[in-house]
Each structure stands twice: as structure tokens, then as C-alpha cells.
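Please walk me through this structure. I would like to know how far to trust it and how its parts fit together.

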Amino acid sequence: MKDLVPAAGNGLYDRRAFLRGGAALAAAMTGYSVKAETLTDPVWSNEPGTLVPPYGTPSKYEKGVVRTLSNPDFEPRNSHARTPHHLLHGTVTPNGLHFTISHGGNAEIDPAQHRLAIHGLVKRPLVFTAEALMRYPTVSRFTFVECGGNSAPMFSPEPIQASVQALHGLASCAEWTGVPLSTLLEETGIDPKAKWVIAEGADSQRLSRSVPLAKIMDDAMVALFQNGERVMPGQGYPMRLLLPGWEGNMNVKWLRRLELAEQPAMSYYESRTYSQILPNGKAFRFYFIQEVKSYITRPSFGVELKGPGFYEISGVAYSGNGKITKVMVSADGGKSWAEAALQEPVNSKSFTRFRAPWEWNGGPAVLQSRAWDDQGNVQPTRADFVAKRGEAAKVPSPLAFPNQHFNSITSWAIDANGGVRHVYA
Amino acid sequence: MFTRSFLLLPLATLLLATSALAAGPNLGMPLTQADLAAWDIFVFPDGKGLPKGSGTAAEGSAIYAQKCMHCHGEGAKGGISAALVGAPPIKSIDAPKTIANFWPYSTTLFDFIRRAMPWQQPRSLTDNEVYALTAYLLAQNKLIGEKDVMNAQALPKVKMPNRDNFSPRFPELMPRSGEKDL
């Protein structure tokens, strides 16, 4: 019991309780109050199981763990599929649950016919087959991809009652493997006049975005593999541009062309869609970085508490600027804070799982998390954020995008029955 | 990752590898401008990349009725897809963004229609048709005259009302390029 050091108000314990004696902690707090039932052999223990399939899928009991679709009948408009963060754990998003946004549906590409052209202000314009790229030296890295419109429902003037999937499901994290773009540009050579690289997909929208050459040379890759298997169709099979930490839409999927240029193209998506209206009527264009953010995934809306006692508060934190250095958790709506444990290794521009031990006394509680990154950035409170960036005029649909690049604190209020509501605190 | 060690190679090797200066795998195939033509469609704000051809609002109006209206509505005032005409003032951060109240460059209109519209049949329009549709939408939005001809010279000169209202979030990440600074 000496391991249980209170760290903040309303039941938060020191994160080191996990390291020193997690089992003892749980035992001490749950108190073994319910007697177990008599154990018997279930049917699956007394007969052979089922065929081992060539490609494994989750248990049939996990059917509910799916993405939510904004356009299930595939009407002629864009389609969003959101990651169910509240039903997942750890730091990697399974490939089938990685969020997807497609403006013209998923392109179905025959990799044998796909080509990647690099031209413009280069010394030698070159075209690569997917097979040729597979022979290049590769690198692997964990990184998140987040839509510039993720968390947009939080621009609502009143808290929208929706799950962390609905609020923050347009962000996911994977291990990506591919060819650094600097390697390919070394072969094409770069004309010193080049300042931008304009990327284009092979989808029906030929989605295009302008990227500063410096980012391309820093850590951009042509991603060929996602969590060990080939990049999923919804992520750009057979290849996508990966710009660690930068706005999802810039990570052009189905990548087929890179033109080096002196100026940006001012494409539809950069000059209109992902330009962000500010309260003074002006707009940010070229936002680039997805800034430091965190949210608690459990407990959260739809993940309720089953009576007072011990719980692990857990969530994800990430920053497009670098590594997460600290996450603080509050159980009293921000009056007091305890430092959460961060799962090692903490990767740069990647999901970082945080955890904090908590004892719910059955009374009111408001759970919050707040993240810091190694570039000195701190996640803003919602009040500070909307003071600068504004709020929507009316309560929007949870599927709408009233504005972009929302990164403030999310608050979950626990009621007496253990129900969880989204609140602004 | 790869050292530029070609300077140390014997002269004969260098001569054999005239087009392969980098010491990497060199598995790219040389690409000619002619081979690239069908894909080479970026249009820049200064007009670079605009093709030959031209079109007027009157021509565009007919094409619009046939190929665009069922989604974008009569007079381009909106249907199952966005309104392409109209400039409601931007009074809140969630105001609808339209061509006339938000888009900074007229060239983007040509580029986007050519690469992505009509939604079910992108790249089915000729360059003249794209100029005509661009002229039609600009004229309907009162950004050019009814009779103005749109072509590679005229289009980049159309000044969009909202052009100067943008700034980068992180100025330090913006490439610096002399006159082309944004």
C-alpha cells in the first residue's frame, strides 16, 4: 500500500505505481469483493477449433471494432472512415482500421502498371516502376498521419456528445517502410532554383499538394509498406508520400508524380480546402504541422465505468514537431494535475501511449489530458484555443468540418452511474 | 547514405555511366517531355503550365448545363454538390468557402476542373472546354465580363477578391525564393 502515492486530486495516483507494484495496487483497490463462479470446461476446449485461414482476421466477437463511414452508399462526394480509438490500445493502428479520406473513392491500382515520375527542376527527369523502388535501400519509422480536419467537432459552441472515434478518429499511427525521397532526388539531381515539390496522386481527383523541398529532403519517404504489409488501398497502394508530422492531406496517396518547382501550385486543397479561416476573416494557408495533441481514449464517451474502484486512465499523445516529453492528467477538470506514465520507446512524430492510475470514488469527475513536446510546445486549453481560432457559429454535424487544425484539451465528465459525457471544462 | 565516390572511379567507368551520376541503384528510366505530356498538368498562379486554347462564358454555359448542372445545380448555385457561384461574406470561421469569396487564384479553377471534374469522368474535357467552363464560372461570379475570352494570357490576370488575405502558419517553413515569395 505504501506504493500508492496520491499525485493529484480526486483519486489520481503517482504513475510509478505501475512500475513498482501494479498487481498489488489493483488487488489492494478492488478488494476481491466478488466471489468467482465455479470453473468448467467450455465447448471450445473439448473439440478441435476451426480452419487456420491464409489471412487472419479478428475474432468474430470483435465485429463491432470497425471504422465509421461518412459516405456508406458511396455517393459522388468524399468519404471518411474514422479510427475507433476507444476500442484500440497501444500505439499502432491496425491497417484495416487506419483512418482514410478519399475524395474520389479508393483508386484500385495494378502495381505493375503504376509509375512514379520525378521531373521539373531536376537534372535528369526519371520515372520509376513500383518494382524498381522495391530494390532501393529502405527505412522504417513509426509515424502518425492526421487529417487537418481531425477534431473539428470541437469547434462546436456546445460539446457534441460523441465518441473519441467521432471527435478524433481522423488520426492513426503505423510503422511505414519505404524509400527516402532524398535518395531518389540524389539520382535525378536538383536544380538549385527548385524550392517546392508538387506531389500528385493517380486517383480520379489527381489530388495534388505543394511541399517545401526542405521537408522532402529532411524526412519524407515514398512509403511502400504499412505495419509490415504493402500499403493498404485506402492509404495509397502501391505507394504514398509520407511527410512525418505534417497535415494528412499532404501525404499524397497513390503517388505518381513529383514536380520540382520554384513556386507552389496553389492547388485546390492547399489554397481552398485546407486553408483555415481565422476570426478576423483572414486565413492560414500552408499550415503544414499537426501540432501537439492528446486525448483520453478510456474512459471516454461510450467507454463507461462499471462502479467505483480502480481504473487505468489511458490515451494517446502526439506532435508533428517531435517527441512527446510529458502528459499531465487531471480528474478534477484541470484544478490539479498528475504526470502520466509514457510508454517507451517514445518515437518522434508518433503516437505515444500514456497511462495514469486512478481510483474513482463514485463522485463527479472530469478527466483531461494535456501534452508537451520536445520543441517546447504545450497543448492549449480549449478556452485559450478558441479565443485565438474562434468557434463555429452553430452546433455543426459531427461529420462536418467547421474549421481545421484543432488541438486543444478534450474533457470527459463522469456521472454518478459511471456514464461519460463530453464537456468543455 | 550513398557517398559521392564517382570521382574516384576510373575514367572508363565514368564514361559508361554518363547519365547515372549518383551512386545509388539508378533504376529510374529517363523521362522525356513527350512521354510526360498527358500527366504534365500543374497550372501555377503565374500562369505557368496553362495550355493553348481559349473559351468564353457563352460556350461554358452550354457545357455546364450538360456536364455539371446535375451536381452543382442550376446557375451553379449549388445542388448535391457545392455552389460554384455566390460570395456570401465570410462572417464566421465556419463560413462556406466559395470561388468568389475565398479562392485566391483563378488559375486554381482551371487546374482543378481539368484534373478532377466532372467528378465521374475526370480528364474527359478538352482544354478549350476547361477554359470555357472557367470563363463561365468567373463571369457568373462577376469576376470577369460576360464576353471576356479566357486563355493562357488572360486567366492569370484575373484578380480574385480574397487573394491577399492569406498568411502561412509557420513563416519559417516557407521556402524563400526572391520575387516568388508569398
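The paragraphs below take up confidence, chain B, the cores, the sheets and some backbone details.

This is a predicted model. Its scores are ipTM 0.93 and pTM 0.94. Chain B has an average pLDDT of 89. Of the residues in chain B, 85% reach a score of at least 70. Two stretches fall well below that. Residues 1–20 of chain B keep a pLDDT under 50, and the model gives them 15 contacts beyond four places in sequence. Residues 178–182 of chain B also stay under 50, with nine such contacts. Where pLDDT is low, the predicted coordinates should not be read in detail.

Now to the build of chain B. Chain B holds six helices and four strands. Read from the N terminus, its elements follow the order α-β-α-β-α-α-α-α-β-β. Of its 182 residues, 43% are buried. Among contacts in chain B with a separation of 6 or more, 57% link residues 24 or more positions apart. The exposed surface of chain B comes to about 9,700 Å², and carbon and sulfur atoms supply 57% of that area.

One helix of chain B deserves a closer look. Helix α6(B) has 14 residues, which at 1.5 Å a residue should span 20 Å. The C-alpha atoms at its ends are 20 Å apart, so the expected and modelled spans agree. Is this helix enclosed or open to the outside? Buried means under 20% relative accessible area. In α6(B), 11 of the 14 residues are buried, so the helix is largely enclosed by the rest of the structure. The buried set includes Glu129(B), Tyr131(B), Thr134(B), Tyr136(B) and Leu138(B). What do these buried residues pack against? Their partners in chain B are β2 (54–56), α3 (57–67), α5 (106–116) and β3 (149–151). Just after the helix, Lys142(B) adopts a positive phi of about 60°.

Next comes the nonpolar interior. In soluble globular proteins, nonpolar side chains tend to be buried together. Here the largest nonpolar core has 92 residues. Leu116(A), Leu184(A), Ile216(A) and Leu241(A) touch the most other members. Helix α6 of chain B, residues 127–140, gives the most to this core, with nine residues. Apart from it lies another core, of 36 residues. Val164(A), Tyr295(A), Tyr311(A) and Ala317(A) are among its members. Back to Leu184(A). Beyond its neighbours within four places in sequence, Leu184(A) contacts Leu116(A), Ile118(A), Phe128(A), Leu133(A), Tyr136(A), Val179(A) and Val222(A).

Turn to the sheets. Strands of a sheet pair through backbone hydrogen bonds, either parallel or antiparallel. One open sheet has six strands, ordered β11(A)-β10(A)-β15(A)-β6(A)-β7(A)-β1(B), with mixed pairing. At its edges are β11 (208–212) of chain A and β1 (29–30) of chain B, each paired on one side only. Within this sheet, β6 (residues 115–120) and β15 (residues 255–261) of chain A run parallel and share four bridges. Ile118(A) has Leu258(A) as its bridge partner in β15(A). Ile118(A) is also one of the contacts of Leu184(A).

Chain A also contributes a three-strand open sheet, β3-β4-β5, with antiparallel pairing. Its edge strands are β3 (68–69) and β5 (100–102). Three bridges connect β4 (residues 79–82) to β5(A). His80(A) has Ile101(A) as its bridge partner in β5(A).

Finally, check the backbone of chain A. Which peptide bonds are cis? One joins Tyr237(A) and Pro238(A), with omega about 5°. Pro238(A) sits in the loop between β13 (229–230) and β14 (240–242). Another joins Glu344(A) and Pro345(A), with omega about -10°. Pro345(A) lies in the loop between β22 (341–342) and β23 (352–360).

Two non-glycine residues of chain A are also worth checking for phi. Ser151(A) has a positive phi of about 70°. Ser151(A) belongs to the loop between β8 (139–146) and α3 (164–168) of chain A. Its relative accessibility is 1%, so Ser151(A) counts as buried. His405(A) has a positive phi of about 55°. The loop holding His405(A) runs between α7 (382–389) and β25 (411–414) of chain A. With a relative accessible area of 5%, His405(A) is buried too.

Methods:
Residues numbered from 1 in each chain as written. Chains lettered and ligands numbered in written order. Predicted model: local features only at pLDDT ≥ 70, side-chain atom pairs only at ≥ 80, totals over all residues. Heavy atoms only, no water. pLDDT = per-residue confidence, 0-100. Contact = heavy atoms within 4.5 Å. Core = buried A, V, L, I, M, F, W, Y, C linked by side-chain atoms within 4.5 Å. Buried < 20%, exposed > 50% of the residue type's maximum accessible area, 1.4 Å probe, protein only. Helix = DSSP H or I, 4+ residues; strand = E, 2+ residues; numbered from the N terminus. Expected span 1.5 Å × (residues − 1). Areas by Shrake-Rupley, 256 points an atom, 1.4 Å probe, with all protein chains shown as cover. Pairing = 2+ DSSP bridges.
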